[in-house]
Amino acid sequence: MNEKSKIYDVIIIGSGPAGYTAAVYTSRAFLKTLIISGPTPGGQLTTTSEVDNYPGFPEGILGPELLERMKKQAGRFGVEIVNDEISNIKYQISNSNDKNLKSSFLLAGSSNVYESRSVIVSTGASAKTLGIPSEEKFRGKGISYCATCDGFFFRGKNIAVLGGGDTAMEEATFLTRFAESVTIIHRREEFRASPIMVEKAKKDSKIKFLLNKEIVEFKGETTVKSIKLKDTKSKEVGDFPFDGFFVAIGHKPATEFLKGFIKTDDKGYVLINDKEKYKTATSAGGIFAAGDCVDSIYRQGIVAAGMGAMAALDAQKWLETQELS
Ligand SMILES: Cc1cc2nc3c(=O)[nH]c(=O)nc-3n(C[C@H](O)[C@H](O)[C@H](O)COP(=O)(O)OP(=O)(O)OC[C@H]3O[C@@H](n4cnc5c(N)ncnc54)[C@H](O)[C@@H]3O)c2cc1C
């Protein structure tokens with residue numbers, strides 16, 4: 001089927017909490033909606049087990065189940081979903097006879113081109129990984145990339161934070177609420193983190209430092225038990241046991257394909273216009289953005305869902321003005 005023959009009111013790029021929530025709102029407003037689910041249908045929460053902090057689930061819920069429920073809810077109102085990944089967006093002045101369609105967006109997927117009057121970008125972000133042996137094996141089995149999400153599961157434990165930037169200092173300080181001790185492991189003596197954050201961490205009696213240590217590999221059976229480190233000065237190698245590890249070396253928003261089309265900051269986070277009436281509007285009229293691809297601070301499912309609702313309401317309002325003018 002040539003998808004270009006169909007023109008949607010809203011295409012939502014991404015199927016995480018932001019995308020599915022936006023879809024519930026747009027489809028309940030009778031806007032013809034398509035979700036393009038991308039390389040990770042359901043988004044980041046499908047890669048975790050227990051989610052304890054999403055409201056409405058007093059006993060907690062498994063990440064994949066939560067997203068399956070969101071998908072089902074969006075489906076109830078007639079949202080279409082395709083498994084594709086967008087690599088490019090173009091703007092075109094319409095040659096259609098439809099008086100409400102003065103312009104539209106063409107979204108290039110791997111085998112189809114999709115056309116829409118408005119777009120919501122909710123492509124999320126991913127935590128940067130260390131790229132060392134056994135990191136993937138122990139992901140979620142003692143290795144975490146989110147202190148806010150998983151700190152609670154490490155109550156009374158001895159844990160390590162890997163990194164030397166502001167994220168590492170912030171995560172380490174936050175984790176002292178739960179852990180018996182938090183050790184920051186960094187490959188140098190100097191930190192990229194701001195001096196004030198480093199000072200704060202140094203003053204905390206629960207935080208220790210293992211410096212000039214290069215990470216070699218994680219070790220364990222089914223869950224991670226220790227980390228092999230190489231001293232960058234003495235070249236000595238040793239095993240250091242911990243109950244858990246938090247990798248805190250930053251995140252990368254999935255916005256490469258938008259380069260040059262909408263404005264992003266230097267890290268690739270989409271810039272939204274939070275002062276004007278459409279709070280989720282990007283630099284391109286008719287394109288809105290929500291969730292972790294915008295938000296470098298909170299990075300939580302419920303925040304992404306809330307922003308998804310905002311983007312949907314903004315898109316709906318914007319489409320109405322297009323029809324009136
Ligand atoms: C291991 C882990 C555990 C977590 N635990 C919690 C928790 O307990 N509680 C909590 O609130 N938060 C948690 N988070 C954070 C939470 O997952 C994110 O804040 C949330 O998923 C962000 O939602 P989003 O919709 O913005 O993006 P994402 O969930 O990242 O979804 C992005 C979507 O965009 C799609 N996409 C990307 N590029 C393209 C493209 N080019 N074309 C089409 N589609 C594309 C992807 O396939 C995906 O479907 C956790 C994160 C991780 C990694």
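Strands, as the word is used here, are DSSP runs of at least two residues, numbered from the N terminus. In this predicted model, that numbering places V119 in strand 8, and this strand is a convenient point from which to enter the interior of the protein.

V119 has a relative accessibility of 0% and therefore counts as buried, since the word applies to residues under 20% relative accessible area. Leaving aside residues up to four places away in sequence, V119 touches I11, I13, F105, L107, G286, I287 and F288. The C-alpha atom of V119 is also separated by 9.4 Å from that of S104, which lies 15 residues away along the chain.

S118 is likewise found in strand 8, and because its relative accessible area is 0%, S118 too is buried. Being a serine, S118 brings a polar contact into the account: its side chain reaches the backbone oxygen of D9 at 2.7 Å. The residues that S118 touches, again not counting those up to four places away in sequence, are D9, V10, I11, F105, G286, A315, W318 and L319.

From strand 8 the view can be widened to the largest nonpolar core, which holds 53 residues, and among these I13, I89, L107 and I120 touch the most other members. Two or more residues of this core are given by each of strand 1 (7-13), helix 1, strand 2 (33-36), helix 2 (63-76), strand 7 (103-108), strand 8 (113-121), strand 19 (287-289) and helix 6. Helix 6 supplies the largest share, eight residues. L107 shows what such a position looks like in detail, for, with residues up to four places away in sequence set aside, L107 touches I11, I13, I36, I86, N88, I89, N112, V113, Y114 and V119. As a general background, nonpolar side chains in soluble globular proteins tend to be buried together.

A second core, separate from the one just described, has 19 residues, including L175, I184, F246 and A248. L175 leads on to helix 4 (residues 166-175), in which A168, M169, E171, A172, T173 and L175 are buried. The cover over the buried residues of helix 4 includes helix 3 (147-150), strand 11 (158-162), strand 12 (181-185), helix 5 (195-203), strand 13 (207-210) and strand 17 (244-247).

The ligand comes next. Around the ligand there are 34 residues, of which T40, Q44, N53, D292 and G301 come nearest. By class, this shell has 13 nonpolar, 17 polar and four charged residues. Backbone atoms of the protein also approach oxygen atoms of the ligand: a backbone N or O atom of P39 lies 3.2 Å from one, a backbone N or O atom of S122 lies 3.4 Å from one, and for R299 the corresponding distance is 3.3 Å. Taken alone, the ligand exposes 1000 Å², and the protein buries 95% of that. The elements that give two or more residues to the shell are helix 1 (17-28) and helix 6 (301-324), and both of these elements also give two or more residues to the largest nonpolar core.

R299 deserves a second look for its backbone geometry. R299 lies in the loop between strand 19 and helix 6, and it has a positive phi of about 45 degrees although it is not a glycine. Most residues other than glycine have a negative phi. K235, in the loop between strand 15 (224-231) and strand 16 (237-241), also has a positive value, with phi near 65 degrees.

Two further loop positions turn the attention from the interior to the surface. T222 lies in the loop between strand 14 (213-220) and strand 15, and because its relative accessibility is 63%, T222 counts as exposed. Apart from residues up to four places away in sequence, T222 touches F138 and K141. From T222 to A315, one of the residues that S118 touches, the C-alpha to C-alpha distance is 46 Å, with the two positions 93 residues apart in sequence numbering.

G260 is found in the loop between strand 18 (251-253) and strand 19, and with a relative accessible area of 84%, G260 is exposed. G260 and E236 are 24 residues apart in sequence, yet their C-alpha atoms are 47 Å apart in space.

Technical notes
Residues numbered from 1 in each chain as written. Predicted model: local features only at pLDDT ≥ 70, side-chain atom pairs only at ≥ 80, totals over all residues. Heavy atoms only, no water. Near = heavy atom within 4 Å. Polar contact = N/O pair within 3.5 Å; in protein donor to acceptor, adjacent residues only side chain to side chain. Areas by Shrake-Rupley, 256 points an atom, 1.4 Å probe, with all protein chains shown as cover. Helix = DSSP H or I, 4+ residues; strand = E, 2+ residues; numbered from the N terminus. Nonpolar A, V, L, I, M, F, W, Y, C, P; charged D, E, K, R; others polar. Core = buried A, V, L, I, M, F, W, Y, C linked by side-chain atoms within 4.5 Å. Buried < 20%, exposed > 50% of the residue type's maximum accessible area, 1.4 Å probe, protein only. Contact = heavy atoms within 4.5 Å.
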